[in-house]
Amino acid sequence: MKKCVKCGLPETYESIEFDQSGVCNICCQRTFRDEKINWEQRKDDLGHLIEQYRGKYDYDCIVPFSGGKDSTFTLWYLVKHYGLKPLVVQFNHGFMRDRLKENNERTFKKLGVDVLSFTPNWKVVKRLMLEALIRKGDFCWHCHTGIFSYPMHVAIKYNVPLIFWGEPSSEYTAYYDYRDNEIEEVDETRFNRFVNLGITSEDMAGMISHDFDLDPRDLTPYAYPKMRDLKRIGYRSVCLGSFIPWDVKKQSALIMEELGWQGDEVEGMPPGKYSYEKIECYMQGVRDYIKYLKRGYSRVTQMTALDIRNNRMEKTEADHLISEFEGKKPPSLELFLEYLDLTEDEFNNIVSKTVVPPWQPNFKVESGKKTWDFNRWYREIKISD
Ligand SMILES: [Zn+2]
């Protein structure tokens with residue numbers, strides 16, 4: 001496969017393009033971010049934005065919150081630097097790990113914030129996972145649509161028009177390019193551009209209603225709210241990372257020090273190396289494994305690419321980590337197959353239909369190591385009736 005000569009991301013990576021010298025667009029937009037964007041001006045813009053909304057509603061803003069490093073930093077930053085009174089909104093995808101829950105409790109208590117948590121119907125979640133896996137080779141539709149829709153419903157219900165997300169997508173993909181020098185609006189356009197994989201909740205209802213006892217209201221949390229309702233409250237939905245330059249390593253260290261936030265092991269990742277990354281979900285290993293089967297790279301490649309771009313790692317070290325850790329079968333696959341009632345052959349067959357050429361997957365790979373909390377993850381126990 002063709003790879004970026006600088007960061008090593010392959011041609012199967014979402015939204016990637018290469019220039020004549022073989023450097024990818026993600027690397028180029030990153031250089032623009034560091035050299036051309038006027039971050040002092042952006043910081044002033046943030047201050048003005050906040051003052052437009054401060055003290056005028058029951059809450060100054062909504063912070064959608066997963067408990068990962070980015071949303072934790074966002075919440076900390078807005079409370080500590082601007083003294084905002086936020087409403088924290090948590091969409092619980094159903095796979096939260098124990099250390100994450102401990103982090104969340106500590107963060108909420110230390111910062112002193114109000115929190116709303118919502119957990120959708122598990123039976124619906126499982127059916128959505130299966131359908132999205134079959135259609136797109138990406139079972140996370142329920143999570144991504146829920147995370148980006150549900151807080152918008154809350155914004156309307158509570159009449160809180162300002163919503164702060166964390167990192168802009170330009171850090172990782174080129175759907176929004178830093179070189180356009182615009183503020184990335186986290187709105188319905190963005191939602192339909194890449195969050196929902198091209199499947200709206202209406203589409204989804206049509207896809208699953210033939211074999212699933214669906215109440216039309218079951219999919220409301222995954223549907224983007226009506227534009228007129230959002231316009232009526234005068235909403236503004238933006239990323240904090242559009243106003244301050246995002247620095248994952250620095251920010252992770254900061255929340256560890258300020259909030260006692262703790263990282264965790266993640267399946268398929270080098271132990272201790274990226275313990276701040278993607279600790280929210282115990283299905284992360286399966287997600288990364290599917291990405292490997294479909295596109296020939298996994299999270300190790302993504303993380304080392306980011307480090308190389310930040311001049312924190314040499315290419316040779318990255319290659320070493322990739323060859324040692326990438327492409328292992330995660331222990332969580334067993335649970336995943338149990339939830340969706342699939343055999344591994346059926347799973348492989350589904351995934352093989354979504355492979356991105358020129359990559360050709362090998363389904364016979366060795367198994368990776370269990371993380372410390374594997375035995376605490378939810379198991380489906382068949383109860384006969
Ligand atoms: Zn690159």
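1. Five cavities of 30 Å³ or more are counted in this structure, which is a predicted model. The two points that follow take up the largest cavity and the second largest cavity, and the remaining ones turn to the zinc ion.

2. The largest cavity holds about 110 Å³ of space. Its lining is made up of 16 residues, and those closest to the centre of the cavity are Glu267, Gly268, Asp288, Ser298 and Lys328. Helix α11, which spans residues 284-295, gives the largest share of this lining, namely four residues. When the lining residues of the largest cavity are sorted by character, five are nonpolar, five are polar and six are charged.

3. For the second largest cavity the space comes to about 100 Å³. The residues that line the second largest cavity are Arg30, Glu171, Trp246, Asp247, Val248, Lys249, Tyr276, Met303, Leu306, Asp307, Asn310 and Arg312. Two or more of these lining residues come from each of the elements α10 (248-259) and α12 (299-309), and the largest share, three residues, belongs to α12. By character, the lining of the second largest cavity divides into five nonpolar residues, one polar residue and six charged residues.

4. The zinc ion has as its protein donors the SG atoms of Cys4, Cys7, Cys24 and Cys27, which lie 2.3 to 2.4 Å from the ion. The angles among the four donor atoms run from 101 to 114 degrees, and the site of the zinc ion is accordingly assigned as tetrahedral. For anyone setting the site against the sequence, the spacing of the donor residues reads C-x2-C-x16-C-x2-C.

5. What does the pair of cysteine 7 and cysteine 24 tie together? Both cysteine 7 and cysteine 24 lie in the segment before α1 (25-35), so the pair ties together parts that are 17 residues apart in sequence.

6. Are these two zinc donors buried or exposed? Cysteine 7 has a relative accessible area of 3% and is therefore buried, because buried means under 20% relative accessible area. Cysteine 24, at 0% relative accessibility, likewise counts as buried.

Terms used
Residues are numbered from 1 along each chain as its sequence is written. This is a predicted model: local features need pLDDT of at least 70, side-chain atom pairs count only at pLDDT 80 or more; totals for chains, interfaces and linings use all residues. Side-chain values use heavy atoms; hydrogens and water are left out. On a 1 Å grid over the protein atoms alone, a cavity is a set of points where a 1.4 Å probe fits but cannot get out, and a pocket is an open set with protein on both sides within 12 Å along at least five of seven lines; lining residues have an atom within 4 Å of a point. Grid points are joined across faces, edges and corners, and a volume is the space filled by probe spheres set on the points. Ala, Val, Leu, Ile, Met, Phe, Trp, Tyr, Cys and Pro count as nonpolar, Asp, Glu, Lys and Arg as charged, and the others, Gly among them, as polar. Donors are N, O and S atoms within 2.8 Å of the metal (3.2 Å for Na, K and Ca); water is not among the atoms, so sites may look incomplete. Four donors count as tetrahedral if all angles lie between 85 and 135 degrees; four count as square planar and six as octahedral if opposite donors are over 155 degrees apart and all others between 65 and 115; anything else is irregular. Buried means under 20% relative accessible area, exposed over 50%, partly exposed in between (1.4 Å probe, protein chains only).
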